[in-house]
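Reader: I should be grateful for a close look at a single part of this protein, namely its sheet. Please describe how the strands are arranged and what lies against them.

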Amino acid sequence: MKSHFGLLGLVHSVVVRSRIKGVATTEEEALRRVRQSNPGLMICSDQLEQGDGFSLCRRAIKVVSDLKVLMVITSDGLTSDGLEVSRALDSGAMAVVCEQDFLSPEMEVMQSLLTAANNKYYVSSRARARMQKPELIVESPQSLTPREKEILILMLKGASDRDISDQLLISIYTVKDYGKSIRSKYQVKSRLQLISMLLGQRFASGAALALR
């Protein structure tokens, strides 16, 4: 982050102080610390005091091949091109959250860290809501119905069951039934596993997968 105090507060909110191997606000300083300490996790902001957070992520992973990166999107979305989430994942980040998630009671930051630690992808609901064309990361089984595809895309956009119910004018119980059917077809047990799997397919292949 551009602010030293902001970065310290960010890191302190998710890790034990004694395990912090270094704090930096510029790309080159952060890369130097990565080379020195060989960390297992790097929390990286998209905006740095000097340099670029996405570039830092790519370079750091080349130094430490098994490095897990949590990218924090700090821009408000109004003055950006809306591509930060895709850029973060393309740069090698396994987890992406928004700055506002650190103040959220949903504990998505902790969930993102646990998921990344297990070599799976995680994008918080706030971050997913800012993704452009999330349908491009969905590979749909032949048996998925048009309505199930529609609901799955809304899930990827970060919509809750209640949001989907209100938007599609169907009962929340119907939404839950569709969700159960979708998870069954993808052979996963939770929405988190579903989204993580879809993100993993998209960025492991290096190419967008479109709905059929």
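Author: The account below begins with the protein as a whole and then turns to the sheet.

The model is a predicted one. The protein contains 10 helices and four strands, and along the sequence these elements follow the pattern α-α-β-α-β-α-β-α-β-α-α-α-α-α. The strands thus appear in the pattern with a helix between each strand and the next, and the pattern closes with a run of helices.

The four strands come together in one open sheet, in which the order is β1-β2-β3-β4 and the pairing is parallel. At its edges are β1, formed by residues 41-45, and β4, formed by residues 122-123; each of these pairs on one side only. In general, the strands of a sheet are joined through backbone hydrogen bonds, in either a parallel or an antiparallel manner.

The edge at β1 may be followed in detail. Its partner is β2, which spans residues 68-73, and five bridges link the two strands in the parallel sense. Within this pairing, methionine 42 is placed opposite valine 69 of β2. Helix α3, comprising residues 53-63, lies across both β1 and β2, and its direction makes an angle of about 160 degrees with β1.

Some totals set this part in the context of the protein. Of its 212 residues, 46% are buried. Among contacts with a separation of 6 or more, 66% are between residues 24 or more positions apart. The accessible surface amounts to about 11,200 Å², and carbon and sulfur atoms account for 51% of that surface.

Terms used: Residues are numbered from 1 along each chain as its sequence is written. This is a predicted model: local features need pLDDT of at least 70, side-chain atom pairs count only at pLDDT 80 or more; totals for chains, interfaces and linings use all residues. Side-chain values use heavy atoms; hydrogens and water are left out. Two strands pair if DSSP finds at least two bridges between them. Contact means heavy atoms within 4.5 Å. Axes are lines fitted to C-alpha atoms, for helices over the stretch in contact, and angles run from 0 to 180 degrees between N-to-C directions. Buried means under 20% relative accessible area, exposed over 50%, partly exposed in between (1.4 Å probe, protein chains only). Accessible areas come from the Shrake-Rupley method with a 1.4 Å probe; for residues, only the protein chains shown count as cover.
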